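Colleague: Please take one part of this model and go through it closely. Start from a strand pairing and follow it outwards as far as is useful.

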Amino acid sequence: MFEREREREREREREREMAMLGSKPNPQIFSSRRPPFVSSRHVAPLSKPSPPPRFLSTPALRLRGRSCAPFSSKIMSSLLSAPPETLQWIAPPPHPTYDLHQVIRLALQEDVGNLGDLTCLATIPSETQAEAQFLAKEDGVVAGIQLANMIFHEVDPSLKVEWVVQDGNLVRKGLLFGTVVGEARSILTAERVVLNFMQRMSGIATATKVLIGGGENHRMGLFDMIMIKDNHVAVAGGIKEAIAAVNSYLIENNLDVAVEVETRTLDEVREVLACVTKGTGQVTRVMLDNMVVPLASGDVEVTMLQEAVKLINGKLETEASGNVTLQTVGKIGATGVTFISSGALTHSVRALDISLNVDTDLALAVGKRTSRA
């Protein structure tokens with residue numbers, strides 16, 4: 001009788017915690033038993049997480065042109081040797097409607113379905129406690145730590161997590177950089193969702209070298225910047241007409257946002273400059289699209305891009321877009337463009353190899369055998 005009452009109290013406490021996140025607990029995700037965890041290790045509570053990561057939610061990132069260089073193992077080696085005091089956390093851009101908690105819930109519900117984690121339910125008693133550690137299986141820049149904290153908390157608020165790194169820190173292959181302690185079922189139920197997010201985010205952070213190299217979101221959505229692309233120009237009747245329409249809209253609605261115009265030829269660049277010179281439009285940046293020509297050798301021809309940058313002559317920000325690869329980004333940046341856009345940094349990036357292991361000694365042994373730790 002007393003035990004049943006204790007379980008009811010634990011359930012009520014868990015519901016109160018989940019209500020703070022604006023949701024009701026999913027019975028398929030959460031077990032009803034919450035035995036108290038006792039450990040001599042010091043672990044950081046989830047109420048004091050590391051700063052949130054910078055979320056890369058749009059298809060393209062921009063790189064500051066003059067600081068760009070092709071990604072290589074040599075660059076990664078130099079980044080890994082950077083002193084800790086040079087490392088700096090970057091805050092995520094604001095978004096008015098994005099609900100990260102809902103994204104996490106949907107990802108977890110997709111995993112557990114309507115029956116829960118059957119393997120955990122079948123093989124692990126509900127009261128079993130465990131400790132699992134995060135293992136970096138290659139060098140890279142870690143991202144998603146704050147998101148991992150949120151996922152673990154969503155699955156089981158009693159889980160305790162500690163980290164020896166923060167978002168944006170550089171990790172070496174073989175580093176055990178985080179620990180989660182608590183109910184084994186909860187840890188393993190959260191494992192795949194945590195790793196899916198962290199591996200992809202860390203892959204993007206590594207490829208763009210967000211911390212030091214200057215990568216940032218192009219824009220968060222359609223609401224925070226005006227970007228006049230070729231289809232807008234075609235419907236509006238021309239570049240001049242599109243710019244004039246944008247100018248009127250901004251004035252009528254008392255809006256102050258950046259305005260970028262896509263150009264594909266030097267004549268279109270001249271059209272944009274003419275509008276700005278005559279004061280008939282507010283433009284802050286010119287996109288120089290497909291002015292980088294790929295060559296059969298794998299190199300790129302940037303003559304047209306150089307001419308466009310010279311033509312603009314610092315009057316507006318410039319952005320190179322199209323036919324950009326991580327191998328040629330250095331040459332493109334040398335033309336003097338302000339930004340370089342590369343969708344490949346998000347849609348084609350390779351995830352960073354990270355694992356979460358209960359038996360860390362065996363995981364390290366296997367990793368060394370396969371050269372992955």
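Modeller: E162 stands opposite T179 in β6. The model is predicted, and the pairing is read from it as such. β4 (160–163) and β6 pair in the antiparallel sense, over four bridges. Strand β6 covers residues 176–183, and seven of its eight residues are buried, so the strand is largely enclosed by the rest of the structure. β6 also pairs with strand β2 (residues 129–136), again antiparallel, and here the count is seven bridges. In that pairing A132 is the residue opposite V180 in β6. Strand β6 therefore has β2 as a partner, has β4 as a partner, and is largely enclosed because seven of its eight residues are buried.

Past β4 the chain enters the loop between β4 (160–163) and β5 (170–171), and D167 belongs to that loop. D167 has a relative accessible area of 7%, which is under the 20% cut-off, so this loop residue counts as buried. Its carboxylate side chain has backbone contacts. A polar atom of the D167 side chain lies 2.7 Å from the backbone nitrogen of I145. The D167 side chain also reaches the backbone nitrogen of Q146, at 3.4 Å. For D167, then, the picture is a buried acid with contacts to the backbone nitrogens of I145 and Q146.

Other acids in the model are paired with basic side chains. Side chains of opposite charge can pair when their charged atoms come close. The whole structure holds nine salt bridges. One of them joins E262 to K229, with 3.3 Å from N to O. This pair links distant parts of the chain, 33 residues apart: E262 is in strand β9 (residues 259–263), while K229 is in the loop between β8 (226–228) and α8 (230–236). The two ends differ in cover, since E262 is buried at 5% relative accessibility, whereas K229 is partly exposed at 28%.

A second salt bridge, between E268 and R264, has an N to O distance of 3.1 Å. Here the acid, E268, is buried at 13% relative accessible area, and the base, R264, is partly exposed at 38%.

The bridge between D299 and K331 is also 3.1 Å from N to O. D299 sits in the loop between β11 (293–294) and β12 (300–301) and K331 in helix α12 (residues 329–333), so the pair ties together parts that lie 32 residues apart in sequence. D299 is partly exposed at 32%, and K331 is partly exposed at 36%. Beyond these pairs there is a network of salt bridges that links E260, R285, E317 and E319.

The cysteines take less space to describe. A disulfide is a covalent bond between the sulfur atoms of two cysteines. With a sulfur-to-sulfur limit of 2.5 Å, the count of disulfides is zero. Among the cysteines, C120 is buried at 6% relative accessibility, and C275 is buried at 4%.

At the surface, L115, L118 and L121 make a nonpolar patch of about 290 Å². L121 is part of helix α4 (residues 118–123) and is partly exposed, with a relative accessible area of 42%.

Two backbone angles deserve a separate check. Most residues other than glycine have a negative phi, and most peptide bonds are trans. N290 has a positive phi, near 55 degrees. This residue is in the loop between β10 (285–289) and β11 and is partly exposed, at 43%. Phi of N313 is likewise positive and near 55 degrees. N313 is in the loop between α11 (303–312) and β13 (317–321). At 58% relative accessible area, which is over the 50% cut-off, N313 counts as exposed.

Methods: Residues numbered from 1 in each chain as written. Predicted model: local features only at pLDDT ≥ 70, side-chain atom pairs only at ≥ 80, totals over all residues. Heavy atoms only, no water. Patch = residues over 30% accessible without salt bridge, like charges linked within 9 Å, V, L, I, M, F, W, Y side chains within 5 Å. Areas by Shrake-Rupley, 256 points an atom, 1.4 Å probe, with all protein chains shown as cover. Salt bridge = Lys/Arg side-chain N within 4 Å of Asp/Glu carboxyl O. Helix = DSSP H or I, 4+ residues; strand = E, 2+ residues; numbered from the N terminus. Buried < 20%, exposed > 50% of the residue type's maximum accessible area, 1.4 Å probe, protein only. Polar contact = N/O pair within 3.5 Å; in protein donor to acceptor, adjacent residues only side chain to side chain. Pairing = 2+ DSSP bridges.
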